[in-house]
Amino acid sequence: MIAQVPEQLQNEVIEIRRVGRVTKGGKRMRFRVVVVVGNGAGRVGVGIGKSIEIPQAVQQAIRNALKNMIEIPIVNGTIPHEVRGEYGAAKVLLRPAYPGTGVIAGRTVGAICRMAGIKDILTKALRSTNPLNLARATLAALAQLESPEVVAKRRGKSVKELVEAENGAES
């Protein structure tokens, strides 16, 4: 059975790694594939798949990524605020950037940002750069993002009042 990705979603393979386990008959080799799936408009997910053959592992990873998709707020092509994510030994810092900056990121974090539809962002992998843990740390960071509307509602203010307060604090 081949899993089809819905029309509006794109996917990108982040990593293909050959893994094995030792049995009394010898080594059993398989492939582990990490895939990111996104619609380019604020929905993104990361999945892993393992199989004896790479195409089957990719299809498993896509199905897994579709189950683990999250919504993220995007404001003017970037994220609304700075955020840090952590998973295992991997730690990632995501910062909003001015229009025209582009996606300043490594291979793993950059792929996730592009699939999510983020056009301008500054990122830094702070500890481990293991692609799977870095991908999960990035997803954890993106899951922490809150849109200005949500923050304004929580504080009992309007978005305009928040923006004015922010501009007043910068002066």
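Two strands are taken as paired where DSSP finds at least two bridges between them, and the pairings described in these legends, which belong to a predicted model, are to be read in that sense.

**View 1. The hairpin of β1 and β2, joined by 13 bridges.**
Strand β1, covering residues 10-23, runs antiparallel to strand β2, covering residues 26-38, and the two form a hairpin with 2 residues between them. Within this ladder, Val-13 has Val-35 of β2 as its bridge partner.

**View 2. The hairpin of β2 and β3, joined by 8 bridges.**
Here β2 meets strand β3, made up of residues 43-51, and the two again run antiparallel. Arg-32 is found opposite Lys-50, a residue of β3. The hairpin has 4 residues between its strands, and Gly-40 adopts a positive phi near 75° in it.

**View 3. The open sheet of 4 strands, in the order β1-β2-β3-β4.**
The pairing throughout this sheet is antiparallel. Because β1 and β4 (70-71) stand at the edges and have a single partner strand each, one side of each is left without a neighbour in the sheet. The pairing of β3 with β4 is antiparallel and extends over 2 bridges, and in it Val-44 lies opposite Ile-70 of β4.

**View 4. Helices α1 and α3, which pack on the sheet.**
Helix α1, formed by residues 54-67, touches β1, β2 and β3, and its direction makes about 145° with that of β3. Helix α3, formed by residues 131-143, touches β1, β2, β3 and β4, and in this case the direction of the helix makes about 155° with that of β3.

**View 5. The largest pocket, which holds about 760 Å³ of space.**
The lining of this pocket comprises 23 residues, of which Pro-80, His-81, Pro-148, Val-163 and Glu-166 are the closest to the centre. The elements that give two or more residues to the lining are α4 (148-155) and α5 (159-170), and it is α5 that gives the most, with 7 residues. By residue class, the lining of the largest pocket divides into 12 nonpolar, 5 polar and 6 charged residues; among the residues closest to the centre, Pro-80, Pro-148 and Val-163 belong to kinds that count as nonpolar, whereas Glu-166 belongs to a kind that counts as charged.

Note on methods. Residues are numbered from 1 along each chain as its sequence is written. This is a predicted model: local features need pLDDT of at least 70, side-chain atom pairs count only at pLDDT 80 or more; totals for chains, interfaces and linings use all residues. Side-chain values use heavy atoms; hydrogens and water are left out. On a 1 Å grid over the protein atoms alone, a cavity is a set of points where a 1.4 Å probe fits but cannot get out, and a pocket is an open set with protein on both sides within 12 Å along at least five of seven lines; lining residues have an atom within 4 Å of a point. Grid points are joined across faces, edges and corners, and a volume is the space filled by probe spheres set on the points. Contact means heavy atoms within 4.5 Å. Axes are lines fitted to C-alpha atoms, for helices over the stretch in contact, and angles run from 0 to 180 degrees between N-to-C directions.
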